[in-house]
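Please look through the sequence and the model below with an eye to loops, strands, charged pairs and surface patches. The paragraphs that follow take these topics in turn.

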Amino acid sequence: MFSRIQTLRAAREAAGATEPAWEGAGSEVGMLIWRVEQFQVKPWDPTDHIFYAGDAYIILHTYRKENALKWDIFFWLGRDCSQDEAGTAAYKSVELDDVLKGAAVQHREVMGQESVKFLSLFDPCLKTVERGIESGFRHVSTSGIPYEAKLLRVVQEKSGGEKMVIVREVPMVNSALNQGDVFILDKGLELFQWQGSDCGIFEKYKASTIVRALDSERGGKCKVIVLEGYDENPEFHSQLEGSAVDIKTKEEGEKD
């Protein structure tokens with residue numbers, strides 16, 4: 001006679017068998033991503049490493065070990081996602097695991113506290129931006145389509161005792177800048193890479209990699225401007241609220 005747990009698992013497995021999103025999931029090495037939308041999971045481009053703070057996502061990483069397929073299931077919760085979205089992400093992750101006969105390892109990831117294992121899946125890095133997908137423009141300005149400018153902070157963060165570089169959206173203000181990090185002002189077809197005077201060479205390299213990736217995504221049409229933090233640039237600073245005098249020191253930035 002089935003126990004209650006076995007009955008629930010059988011019910012989830014049956015539901016998972018009818019879930020279109022799980023069709024073929026885990027059958028090949030690679031990464032699949034879904035976003036939670038109105039209690040449903042919808043496919044998300046696995047090459048699009050931008051997650052929104054207002055959303056929740058499920059990530060399936062399939063790899064091969066000792067000539068057998070293995071799986072990691074991550075569900076990532078944005079800082080501003082709803083309880084319904086968080087609950088759906090958790091439930092559907094368990095359902096996906098049941099479809100894989102309980103052989104996957106499940107991980108809960110929270111924005112700002114991501115594990116090294118999770119962050120290492122994204123090349124060149126994971127980018128987190130504010131709001132949910134419905135509230136943001138995601139296309140470069142072509143044929144009159146508006147593009148919402150973003151200021152991105154490229155920073156080394158400690159996770160599980162290791163340092164990882166991650167990109168976080170910050171407010172469009174000069175006071176968000178600090179001399180210890182690198183920032184990218186993304187204006188669609190114009191990219192400013194502002195490098196703090198005390199930032200590390202690895203952060204500079206990573207930021208350059210990200211800028212190249214953004215340019216490549218946009219057909220190589222971007223104009224890239226690299227600025228050093230010790231040189232005031234009116235064109236750059238005028239696009240942010242406040243002025244260059246508001247920029248923080250490296251030490252102040254580390255306290256943020």
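In this predicted model, lysine 101 is found in the loop that lies between α2 (83-99) and β6. The backbone of lysine 101 has a phi near 65°, which is a positive value in a residue other than glycine. With a relative accessibility of 65%, lysine 101 counts as exposed, because the exposed class begins over 50%. Glutamine 38 offers another case of this kind, its phi being near 50° and thus positive in a residue that is not glycine. The loop that holds glutamine 38 runs between β1 and β2 (40-44), and the relative accessible area of glutamine 38, at 69%, places this residue among the exposed ones.

From this loop one can step back into the strands. Strand β1 (residues 30-37) pairs with strand β4 (residues 56-65) in the antiparallel sense, and six bridges make up the pairing. Within it, arginine 35 has tyrosine 57 of β4 as its bridge partner. Strand β4 is also joined to strand β5 (residues 68-77), again running antiparallel, by 10 bridges, and here isoleucine 59 stands opposite phenylalanine 74 in β5. The strands β4 and β5 form a hairpin with two residues between them, and glutamate 66, which sits in the turn, has a positive phi of about 55°.

How many salt bridges does a search of the whole structure find? The search gives 11. Side chains of opposite charge can pair when their charged atoms come close. Arginine 35, already met as the partner of tyrosine 57, forms a salt bridge with glutamate 37, and the closest N and O atoms of this pair are 3.1 Å apart. The two residues fall into separate accessibility classes: arginine 35 counts as buried at 4% relative accessibility, whereas glutamate 37, with a relative accessible area of 28%, is partly exposed.

A further salt bridge brings together the side chains of aspartate 72 and lysine 117, with an N to O distance of 3.3 Å. This pair links distant parts of the chain, since aspartate 72 belongs to strand β5 and lysine 117 to helix α3 (residues 116-119), 45 residues apart. Aspartate 72 is buried, because its relative accessible area of 1% is under the 20% limit, while lysine 117 counts as partly exposed at 42% relative accessibility.

Arginine 168 and glutamate 114 also meet through their side chains in a salt bridge, at 2.7 Å from N to O. Because arginine 168 lies in strand β9 and glutamate 114 in the loop between β6 (105-110) and α3, this pair ties together parts that are 54 residues apart in sequence. Both arginine 168 and glutamate 114 are buried. Elsewhere, Glu19, Lys92 and Glu95 are linked in a network of salt bridges.

After strand β9 (162-170) comes the loop that leads to β10 (182-186), and leucine 177 lies in this loop. Is leucine 177 buried or exposed? Leucine 177 counts as buried, because its relative accessibility is 0%. Although leucine 177 and lysine 250 are 73 residues apart in sequence, their C-alpha atoms are 9.4 Å apart in space.

The surface can be read through two patches. In one of them, Asp198, Glu251, Glu252 and Glu254 gather as a patch of negative charge. Glutamate 254 has its place in helix α6 (residues 250-255), and its relative accessibility of 58% makes it count as exposed. The other patch is nonpolar and is formed by Ile201, Phe202 and Tyr205, which together have about 380 Å² of accessible area. Isoleucine 201 lies in helix α4 (residues 201-217) and, at 74% relative accessibility, counts as exposed.

How values were computed: Residues numbered from 1 in each chain as written. Predicted model: local features only at pLDDT ≥ 70, side-chain atom pairs only at ≥ 80, totals over all residues. Heavy atoms only, no water. Patch = residues over 30% accessible without salt bridge, like charges linked within 9 Å, V, L, I, M, F, W, Y side chains within 5 Å. Areas by Shrake-Rupley, 256 points an atom, 1.4 Å probe, with all protein chains shown as cover. Salt bridge = Lys/Arg side-chain N within 4 Å of Asp/Glu carboxyl O. Lys, Arg positive; Asp, Glu negative; His and termini not counted. Charge placed at Lys NZ, Arg CZ, Asp CG, Glu CD. Helix = DSSP H or I, 4+ residues; strand = E, 2+ residues; numbered from the N terminus. Buried < 20%, exposed > 50% of the residue type's maximum accessible area, 1.4 Å probe, protein only. Pairing = 2+ DSSP bridges.
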